[in-house]
Amino acid sequence: MSIRLLVVDDDPQSLDSTRRILEHAGYSVETAADGQTALEKVRSAYPPQVVVSDLRMPRMGGMEFLRALSLCGEKIPVILMTAFGRVEDAVWAMKLGAVDFLTKPFRRQALLDSIRAAVLRAQVQPSGSAGIVSDDLIGASGAMRRLREEIEQVARTDATVLVTGESGSGKERVARLLHERGPRARGPWVAINCAALPEALLESELFGHEKGAFSGATQLKYGLFEAAQEGTIFLDEIGDMPLNLQVKLLRALQEGEIRRVGSTQTRRFNARIIAATHQPLEARVQAGLFRQDLLFRLEVIRLMVPGLRDRKEDIPALAEHFLRVASERHQKSVVGFMPETMAALLAHDWPGNVRELSNAVERAVVFAQDERIQGADLPSHIAGRAGAEGMTPSPHGVIEVRLGTPLREVEDLLIRRTLEATDGDKSMTARLL
């Protein structure tokens with residue numbers, strides 16, 4: 001029997017889009033237009049096992065819905081989503097019992113990851129599931145078996161972890177698994193890319209600021225360390241953090257307390273720290289770009305995610321998995337690879353690792369004309385020739401589209417590729433599009 005979900009949103013378009021995403025992922029989905037209707041469905045004979053709710057709605061909004069659930073004694077995991085993402089809202093949502101907080105427009109995978117985590121917290125597994133570590137870290141190579149064993153051991157502890165590996169190898173997935181399999185799984189998961197923000201803004205995001213702390217600080221802002229109470233904070237691309245901020249982070253880790261920008265008062269925090277980087281931090285220490293004492297503090301345990309070129313025996317299983325996902329997403333009946341196509345995948349060095357393989361397979365599914373992926377469907381630099389049907393390799397930033405491709409698929413591919421090029425920056429993606 002599939003997992004029962006309830007999606008609550010007063011925007012019909014958003015409600016329908018979320019419902020379709022979840023049904024395609026194999027969930028059984030009911031919908032409601034406001035918190036009051038949702039509450040009635042929760043009290044029914046067949047209540048949902050997870051609720052995904054908008055924050056602002058008429059009659060009863062997301063916060064009121066959470067309070068009502070608490071008063072009723074219901075323990076159903078609730079994921080809140082909103083187009084007005086603020087750390088303050090996230091803090092209050094977590095205090096009221098929400099298990100996650102997503103800002104619209106969110107990535108499809110972010111929603112599915114959040115629901116998977118909520119299912120685990122409720123101690124319910126989707127039918128056929130073999131456990132999240134086995135499902136998410138695909139591969140039978142020795143390197144992946146060792147990594148799965150290490151995750152199982154480390155996840156049970158509260159130790160600080162440094163995850164290393166090349167870009168696209170799956171560091172964030174490893175970090176998320178450590179959270180979901182650990183003692184803080186019921187607490188919030190808070191992630192930030194340390195390379196994506198300038199120093200002043202990054203400090204405010206991490207530690208918060210007081211009203212009037214600087215020009216434009218018109219109200220109190222809670223930081224991510226406060227939002228991550230009893231949960232996990234994930235510091236991605238920690239190697240790019242400015243030196244001045246490294247000092248403040250080191251103090252926070254040593255003392256277990258933070259100080260908002262513009263405040264003289266320290267505040268205790270209780271969150272697990274997981275950091276990740278694709279850079280060799282020892283080399284950055286030697287270059288004077290990273291503090292050695294911070295490195296020692298972060299790598300209580302170090303997990304290394306292998307590059308795809310070092311575990312090529314996993315490529316067939318990974319490619320088949322990405323094929324199933326892409327075929328479902330684009331509603332195409334593509335069921336496998338021709339032998340010469342798989343040979344081309346195995347011969348490629350994959351500098352972009354698992355992320356590059358996922359993109360290549362999705363691209364092939366979009367272009368596929370048969371039920372099996374042909375060599376002509378692959379990007380030309382992977383297929384090892386000039387290109388299919390007279391097409392030449394595209395320069396960076398150009399997307400090739402075969403004549404006759406349905407407009408809906410072209411639009412979907414363009415949006416996804418632009419999001420990837422901007423590292424998920426939705427504002428920049430919107431401006432570019």
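R108 is buried in this predicted model, with a relative accessible area of 12%, where buried means under 20% relative accessible area, exposed over 50% and partly exposed in between (1.4 Å probe, protein chains only). The residue is found in helix α5 (residues 108-121); helices (H or I, at least four residues) and strands (E, at least two) are DSSP runs, numbered from the N terminus. Leaving aside neighbours within four places in sequence, R108 is in contact with I21, V325, E328, R329 and R416, contact meaning heavy atoms within 4.5 Å. As the model is predicted, local features need pLDDT of at least 70 and side-chain atom pairs count only at pLDDT 80 or more, while totals for chains, interfaces and linings use all residues. Residues are numbered from 1 along each chain as its sequence is written, and side-chain values use heavy atoms, with hydrogens and water left out.

Turning to the chain as a whole, there are 19 helices and 16 strands, and buried residues make up 51% of the 433 residues. Among contacts between residues at least 6 apart in sequence, 69% join residues at least 24 apart. The chain exposes about 20300 Å², of which carbon and sulfur atoms supply 51%; accessible areas come from the Shrake-Rupley method with a 1.4 Å probe, and for residues only the protein chains shown count as cover.

The interior is best introduced through its nonpolar cores, each a set of buried Ala, Val, Leu, Ile, Met, Phe, Trp, Tyr and Cys residues joined through side-chain atoms within 4.5 Å. The largest nonpolar core has 31 residues, and those with the most contacts inside it are L206, F225, L235 and I238. Two or more residues are given to this core by each of β7 (189-193), α9, α10, β10 (232-236), α11 (243-255), β13, α12 (281-286) and α13 (292-298). Helix α11 gives the most, with five residues. Not counting residues up to four places away in sequence, L235 touches I192, C194, L206, L249, I273, I274, A275 and A276. Apart from this core lies another, of 24 residues, with F322, A326, A364 and A368 among them.

Aromatic rings add a further layer. Rings of Phe, Tyr and Trp (its six-membered ring) pair if their centres lie within 6.5 Å, with planes under 30 degrees apart counted as stacked, over 60 as edge-to-face and the rest as tilted. By this rule the count comes to three aromatic pairs. The rings of F207 and F225 have centres 5.5 Å apart and planes at 25 degrees, so this pair is stacked. Since F207 lies in helix α9 (residues 199-207) and F225 in helix α10 (residues 224-227), the pair ties together parts that are 18 residues apart in sequence. Both rings belong to buried residues, F207 at a relative accessible area of 4% and F225 at 0%. F225 also forms an edge-to-face pair with F269, 4.9 Å centre to centre and with 75 degrees between the planes. That pair links F225 in helix α10 to F269 in the loop between β12 (266-268) and β13 (272-277), 44 residues apart. F269 counts as buried at 11% relative accessibility, and ring pairs link F207, F225 and F269 into a cluster.

Charged side chains come next. A salt bridge is a side-chain nitrogen of Lys or Arg within 4 Å of a carboxyl oxygen of Asp or Glu, and by this rule the count comes to 24 salt bridges. Helix α8 (residues 171-180) deserves a closer look: eight of its 10 residues are buried, so the helix is largely enclosed by the rest of the structure. Within this helix, R176 counts as buried at 11% relative accessibility and E180 is buried at 9%. The side chains of R176 and E180 meet in a salt bridge (3.2 Å, N to O), and, being four residues apart in helix α8, they are separated by about one helical turn. R176 also meets D100 in a salt bridge (3.3 Å, N to O), which links helix α8 to strand β5 (residues 100-103) across 76 residues. Elsewhere, E210 forms a salt bridge with R267, the closest N and O atoms being 3.7 Å apart. D16, R19, R20 and E23 are linked in a network of salt bridges.
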